Amino acid sequence: MARDPDLALTDVQWVLGHAHLSTTQIYLPAGRDEIVEAVRAHHERQARLAQVPAVPAAGYRAQSLDDLFGVAQ
């Protein structure tokens, strides 16, 4: 019941007679597929962030940084 997306977790809480939702959540450890999907999503977000060029802090000239560190491709 707890993994049914059409059934509210608070309804499961009521059926089980739990006073606190945190007690019901104990019965919801993440499954292998959920963990793998979360890790993949994390890496996709990190890859998207890595593609965004960093903006130099105020006071730095982009040309000077390019001369020192090379131009990012």
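The side chains of Asp 33 and Arg 32 meet in a salt bridge, 4.0 Å from N to O. Asp 33 is exposed, with a relative accessible area of 60%. Arg 32 is exposed too, at 65% relative accessibility. The model that shows this pair is predicted.

## Salt bridges

How many salt bridges does a search of the whole structure find? It finds two. Side chains of opposite charge can pair when their charged atoms come close.

The side chains of Arg 3 and Glu 34 also meet in a salt bridge, with 3.2 Å from N to O. This pair links distant parts of the chain. Arg 3 sits in the segment before H1, whereas Glu 34 belongs to helix H3. The two are 31 residues apart. Arg 3 counts as partly exposed because its relative accessibility is 49%, and exposed would require over 50%. Glu 34 is partly exposed as well, with a relative accessible area of 42%.

## Overall build

The protein chain has four helices and zero strands. Read from the N terminus, its elements run α-α-α-α. Helix H1 covers residues 9–16. Helix H2 spans 21–25, and helix H3 spans 32–51. Helix H4 takes in residues 62–69.

How does the radius of gyration of the protein chain stand against that of a compact globule? The chain has 23 Å, while a compact globule of 73 residues would be near 11 Å. Along the principal axes, the C-alpha atoms fill a box of roughly 65 × 25 × 20 Å.

Of the 73 residues, 5% count as buried. The accessible surface of the chain comes to about 6,500 Å². Carbon and sulfur atoms account for 58% of that surface.

Some C-alpha separations give a sense of the layout.

| C-alpha pair | Apart along the chain | Separation |
|---|---|---|
| Trp 14 and Arg 48 | 34 residues | 41 Å |
| Ala 41 and Ala 62 | 21 residues | 32 Å |
| Leu 65 and Arg 45 | 20 residues | 26 Å |

## Gln 13 and His 18

Is Gln 13 buried or exposed? Gln 13 is buried, because its relative accessibility is 14% and the cut-off for buried is under 20%. Its place is in helix H1. Setting aside neighbours within four places in sequence, Gln 13 is in contact with His 18, Ala 19, His 20, Leu 21 and Thr 24.

His 18 lies in the loop between H1 and H2. This residue is buried at 17% relative accessibility. Which residues does His 18 contact, leaving aside those within four places in sequence? They are Gln 13, Thr 23, Thr 24 and Tyr 27. One of these contacts is polar: the side chain of His 18 meets the side chain of Thr 24 at 2.8 Å. Thr 24 is thus a shared partner, in contact with Gln 13 and with His 18.

## A nonpolar patch

Which residues make the nonpolar surface patch of about 770 Å²? They are Met 1, Trp 14, Val 15, Leu 16, Ile 26 and Tyr 27.

Two of these members can be placed in more detail. Trp 14 is found in helix H1. It is exposed, with a relative accessible area of 72%. Tyr 27 is found in the loop between helix H2 and helix H3. Tyr 27 counts as exposed at 56% relative accessibility. Tyr 27 also ties back to the loop between H1 and H2, where His 18 sits, through its contact with His 18.

## Helices H3 and H4

Ala 41 lies in helix H3. Why does Ala 41 count as partly exposed? Its relative accessibility is 22%, and buried would require a value under 20%.

Leu 65 is found in helix H4. Leu 65 is partly exposed, with a relative accessible area of 22%. Not counting residues up to four places away in sequence, Leu 65 touches Pro 56, Tyr 60 and Gly 70.

Note on methods. Residues are numbered from 1 along each chain as its sequence is written. This is a predicted model: local features need pLDDT of at least 70, side-chain atom pairs count only at pLDDT 80 or more; totals for chains, interfaces and linings use all residues. Side-chain values use heavy atoms; hydrogens and water are left out. Buried means under 20% relative accessible area, exposed over 50%, partly exposed in between (1.4 Å probe, protein chains only). Contact means heavy atoms within 4.5 Å. Patches are made of residues with over 30% relative accessible area and no salt bridge: like charges are joined within 9 Å, nonpolar side chains (Val, Leu, Ile, Met, Phe, Trp, Tyr) within 5 Å. Accessible areas come from the Shrake-Rupley method with a 1.4 Å probe; for residues, only the protein chains shown count as cover. The radius of gyration is taken over C-alpha atoms; the globule rule is 2.2 Å times the number of residues to the power 0.38. A polar contact is a pair of N or O atoms within 3.5 Å; within protein, one must be able to donate a hydrogen and the other to accept it, and residues adjacent in sequence count only if both atoms are side-chain atoms.
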